[in-house]
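Open the model in your viewer and keep the sequence panel beside it. The stops below run from the whole chain down to single side chains.

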Amino acid sequence: MPHFTIEYSANLDSRLDIGTVCEVVRKAAVETGIFPLGGIRVRAIRCEHYAIADARQDYGFLDMVLRIGEGRDLPTRKKAGEQVFQALSKHLDPVFAGSKFALSFDMQINDKDTSWKRNNIHGALKVEAAHG
C-alpha cells in the first residue's frame, strides 16, 4: 500500500495525458515520505459511460481513491493526502481553465484483518539499494 485508483471521464483523453497524471500521483506519493516505495500503485480506469450534472457532454471528471493500510495517525494522513491532492490539482489546472471539470480524492483505510497481500517488490528494492 498505498494503492491509488483513478477513474476519469473518457472525454478527458483529448485534454490530458493520463499516463502523465499517473506519474504525477506516483511522484507525489513518494515525496510524502510516508509510503513504502515498493507498495505504491497508481492505476487509471477510463469511464466510457458516465452522466454528470445536467448531462452536458463537455463536462469531465477525475475521481481518485487512495487505499492505505492501518497505522498512520490522522495528521500524517491529512498531510500526505493534501500533498498528493495539491500536486494533482496543480497538474490539472489547464483542464480546469479550459473546461467544466470536477476533481475528487478520497482516502480509505484497509482493515488489516480483511486485507491480503503478496509482494516481492519490497525485497527486490532493498537488494537493489544494498548492491547499487
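Start with the whole chain in cartoon: four helices and four strands make up the protein chain. This is a predicted model. Follow the cartoon from the N terminus, and the elements come in the order β-α-β-β-α-α-β-α. Along the principal axes, the C-alpha atoms of the protein chain fill a box of roughly 50 × 35 × 25 Å.

Switch on the surface. The protein chain shows an accessible surface of about 8,200 Å², and 52% of that belongs to carbon and sulfur atoms. The chain has 132 residues, of which 36% count as buried. If you draw contacts between residues at least 6 apart in sequence, 82% of them join residues at least 24 apart.

**The sheet**

Hide the surface and select the strands. The four strands form an open sheet, ordered E2-E1-E3-E4, with mixed pairing. At the edges are E2 and strand E4 (101–110), each of which pairs on one side only. From one strand to the next the twist averages 15 degrees.

Now select strand E3 (residues 60–69) together with E4. E3 and E4 pair in the parallel sense, over 10 bridges. To find your place in this pair, pick Arg67, which stands opposite Gln108 in E4.

**Two helices on the sheet**

Add H1 to the selection. H1 packs on the sheet and touches E1, E2 and E3, and its direction makes about 150 degrees with that of E1. Then add helix H2 (residues 74–91). H2 also packs on the sheet, where it touches E1, E3 and E4. The direction of H2 makes about 155 degrees with that of E4.

Go next to Thr32, which lies in helix H1 (residues 18–32). Is Thr32 buried or exposed? Its relative accessible area is 15%, so Thr32 is buried. Show what surrounds Thr32: apart from neighbours within four places in sequence, Thr32 is in contact with Ala80, Gln83 and Val84.

**Salt bridges**

Display the charged side chains. Side chains of opposite charge can pair when their charged atoms come close. How many salt bridges are there? The count comes to five.

Select Arg46 and Asp13. Their side chains meet in a salt bridge, 2.4 Å from N to O. This pair links distant parts of the chain, with Arg46 in strand E2 (residues 41–47) and Asp13 in the loop between strand E1 (3–9) and H1, 33 residues apart. Arg46 counts as partly exposed at 41% relative accessibility, and Asp13 counts as partly exposed at 37%. Add Glu48 to the selection: Asp13, Arg46 and Glu48 are linked in a network of salt bridges.

Move back to H1 and select Lys27 and Glu31. Lys27 forms a salt bridge with Glu31, and the closest N and O atoms are 3.9 Å apart. Lys27 and Glu31 are four residues apart in helix H1, so about one helical turn separates them. Lys27 is partly exposed, with a relative accessible area of 46%.

For another pair, select Arg56 and Asp54, whose side chains meet in a salt bridge of 3.2 Å, N to O. Arg56 is partly exposed at a relative accessible area of 48%, and Asp54 counts as partly exposed at 46% relative accessibility.

**Cysteines**

End the tour by selecting the cysteines. A disulfide is a covalent bond between the sulfur atoms of two cysteines. How many disulfides does the structure hold? The structure holds zero disulfides.

Pick Cys22 and Cys47 to see why. The closest cysteine sulfur to that of Cys22 is in Cys47, and at 13 Å the distance is too far for a bond. From the other end, Cys47 is in no disulfide, and its nearest cysteine sulfur is that of Cys22. Cys22 is buried, with a relative accessible area of 16%. Cys47 counts as buried as well, at 15% relative accessibility.

Definitions and conventions
Residues numbered from 1 in each chain as written. Predicted model: local features only at pLDDT ≥ 70, side-chain atom pairs only at ≥ 80, totals over all residues. Heavy atoms only, no water. Buried < 20%, exposed > 50% of the residue type's maximum accessible area, 1.4 Å probe, protein only. Contact = heavy atoms within 4.5 Å. Salt bridge = Lys/Arg side-chain N within 4 Å of Asp/Glu carboxyl O. Pairing = 2+ DSSP bridges. Axes fitted to C-alpha atoms, helices over the stretch in contact; angles between N-to-C directions. Areas by Shrake-Rupley, 256 points an atom, 1.4 Å probe, with all protein chains shown as cover. Disulfide = S-S within 2.5 Å.
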